[in-house]
Structure formats: C-alpha cells, structure tokens
Amino acid sequence: ARHLLGIEHLAPEEIRTVLDLAETYVDLNRRTVKHSDALAGMTQINMFFEASTRTQASFELAGKRLGADVMNMSVAHSSVKKGETLIDTAMTLNAMHPDLLVVRHPASGAVDLLAQKVNCAVLNAGDGRHEHPTQALLDALTIRRAKGRIQRLTVAICGDIAHSRVARSNLILLGKMENRVRLIGPPTLMPSGVGDLGCEVYQDMREGLKDCDVVMMLRLQRERMDGGFIPSEREYYHRFGLDAEKLAFAKEDAIVMHPGPMNRGVEIDGELADDINRSVIQHQVEMGVAVRMACMDLLARNLRAERGARAAGVM
Ligand code: CP
C-alpha cells in the first residue's frame, strides 16, 4: 500500500509483517546512533494539528533512526494561524517533495482526504475519533511480547470508548487477529451502534474484567465532549477507574495498558499505573518507536518499488 491510514485497510498478514519487522528494531532502540538507512535520502514531514507527546516524538526519532531528513512543522507558528486550509498547507509542503507525511488532525477523515491530494506516502498519526493505526500496532506488539501471542486473548477496553480513535483502531485490529474484545464503560460514553461491533459490552467493571488477559484503559476525552455528558471525576473514578481491587477480577497475570496521556486518579490509580509487575505503559511507549520505524520502512520500500516501476515504464 502507498499509505497507512487505518487498521481497517490492513489484512492480518500485513499486521503480522509490521510486528515482525518492528521486533527487529526493538533491541536497537536504546542506541542513539542511526540504525538503518531504510529512509536514507528521504524526507519526512510531521504535521501535527493536535497536541502530541508520544506520537510526534516517536515518529521523529523513528525517522531519524532510519536515516531520513525529518522536519516537524510547527502548526502554532505556521500560516494555518492565518487561515490557510489543511489542503492548501499540505499542497504547499507537497511542492517541497517530501517522501513521507505524518499527519494528526482533530477531524475524522481529514488524513484520508489529504492522502488523496499529495504524491507521497501518508501516515495517519490520529484523526478525530476515527483511527490511530500506529497506536493499535504498538499496542499489539506490546501484548504479543507480554503474552507470547496476539490471538485468542480476552481484552477489555475500558472508559471513554465513544471519543477514542485508540479504542476504534484496537477494536478492529484485535478482531482481525481473532481475539475476544469487551468494551466496558457508561452507556453515555459508548459509540452508537455498539451492538454491531462484534464485541461484548459491559457497564460494570468487575463483571467485564472477569478473566481478562489484557486491560486497556482510556483517557476521558473532555475536549471531544462538545458540552454533552461530562461525568464528575470522583464518580467516574469510583465506577470506572482501574485500581488494584477491580483489577483482581481479571486474570492473575493480566497486563494493564494505557495509550497516554493518562489522568491519574480519573481513569487509573497512579500506583497501579507505575506498578511494573502489572503495568506495561512504558513498554507501549518503547514499542512506539520500533513500530513507527517498521511502518515507515515498509512504506518506503513500496515507494521505492513504485518509483522504480515508473522509471522502468511499467506504470
Ligand atoms: N497515545 C498518544 O497518541 O499519545 P500522544 O497524544 O501524546 O501522541
């Protein structure tokens, strides 16, 4: 494929290919030198129209470790502030001939639209409530490394499902890899048509967590609530916040995940988040670099093959 826009476009075999290639980069991650020339001579531009710590930093690091020239466009200081549209901004950068464009945008579908306009490979770094594919891939790698497999597991995704692109991408990926997915949260934070998603839905944490292998917590995304239902943090934590007492209902060796940024004392107990015997939150961040290296490496190979075919007159 030319782009990475969503997990919905990936076949199980392609997901496995990304994870296997990422695995080859894992041990190299701790070094500070460039580790590969997979993106040598290529230019990567990161365009983040929404705040990010993990995704932006890891894409930058991943590109540099693969030998690309990496440029972070600062949206706050760009002509977006003067009213330039997303497409005009993208076309302006496209005219500088980047090879890879990494885009985060608050509107669902904005990254797909942009991908139709530019000549380079586009990677979705999160679009609205739609998809966050590299997050689901790094979560899958983290699970596979902790559990030894990414099939036949029972995974609970808990909290603000309705506003979460992380939940959506994970739900699609875990389903494709034949896992059992449970969604746990208040009905007001469940997406519409949740019954058609092929997963079990619970409103009670203790019931939903029973015998789970993986517990994935989500941030309460107040910025996407549009003045609708906003639960009180105290009440929310009491009912849906993960603490040791609720986690005891899951399997004894269940792992705890959170994509970050997390609100301690809202969706997760701070001590539990830091408990290295249960929490793999820091591993998720570590796997993020390896997975983004793998995604960009694979897209660069496709890009080179496409250009080679075009130069040979095949396309
Ligand atoms: N998980 C995630 O996307 O984090 P950032 O918003 O910090 O990139």
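Buried means under 20% relative accessible area, exposed means over 50%, and partly exposed lies in between (1.4 Å probe, protein chains only). The structure is a predicted model, in which local features need pLDDT of at least 70 and side-chain atom pairs count only at pLDDT 80 or more, while totals for chains, interfaces and linings use all residues. Residues are numbered from 1 along each chain as its sequence is written, and side-chain values use heavy atoms, with hydrogens and water left out.

**Exercise 1. Classify His283 and give its element.**

Step 1. His283 lies in helix α11 (residues 281–311); helices (H or I, at least four residues) and strands (E, at least two) are DSSP runs, numbered from the N terminus.

Step 2. His283 counts as partly exposed because its relative accessibility is 43%.

Step 3. The C-alpha atom of His283 is separated by 28 Å from that of Pro191, with the two residues 92 apart along the chain.

**Exercise 2. Describe the surroundings of Ser58.**

Step 1. Helix α2 (residues 54–65) contains Ser58. With a relative accessibility of 6%, Ser58 counts as buried.

Step 2. A polar atom of the Ser58 side chain lies 3.2 Å from the backbone oxygen of Thr55. A polar contact is a pair of N or O atoms within 3.5 Å; within protein, one must be able to donate a hydrogen and the other to accept it, and residues adjacent in sequence count only if both atoms are side-chain atoms.

Step 3. Contact means heavy atoms within 4.5 Å. Apart from neighbours within four places in sequence, Ser58 is in contact with Gly288, Val289 and Arg292.

**Exercise 3. Identify the residues around the ligand and their polar atoms.**

Step 1. A residue is near a molecule or strand if one of its heavy atoms lies within 4 Å of it. Around the ligand are Ser52, Thr53, Arg54, Thr55, Arg104, His132, Gln135, Pro259 and Gly260.

Step 2. Thr53 has a polar backbone atom 2.8 Å from an oxygen atom of the ligand, and Thr55 places a polar side-chain atom 2.6 Å from an oxygen atom of the ligand.

Step 3. A polar backbone atom of Pro259 is 2.9 Å from a nitrogen atom of the ligand.

**Exercise 4. Set out the four-stranded sheet.**

Step 1. The 4 strands form an open sheet in the order β2-β1-β3-β4, with parallel pairing. At the edges are β2 (69–73) and β4 (121–127), each of which pairs on one side only.

Step 2. Two strands pair if DSSP finds at least two bridges between them. Strands β1 (residues 43–48) and β3 (residues 100–105) pair in the parallel sense over 5 bridges, and Asn46 stands opposite Val102 in β3.

Step 3. Helix α3 (residues 86–94) packs on the sheet and touches β1, β2 and β3; its direction makes about 165° with that of β1. Axes are lines fitted to C-alpha atoms, for helices over the stretch in contact, and angles run from 0 to 180 degrees between N-to-C directions.

**Exercise 5. Determine how strands β5 and β6 pair and whether they are enclosed or open.**

Step 1. Strand β5 (residues 154–158) pairs with β6 in the parallel sense over 5 bridges. Ile157 stands opposite Leu183 in β6.

Step 2. In β5, 5 of the 5 residues are buried, so this strand is largely enclosed by the rest of the structure. Thr154, Ala156 and Cys158 are buried on one side, and Val155 and Ile157 on the other.

Step 3. Strand β6 (residues 180–184) has 4 of its 5 residues buried, so β6 is also largely enclosed by the rest of the structure.
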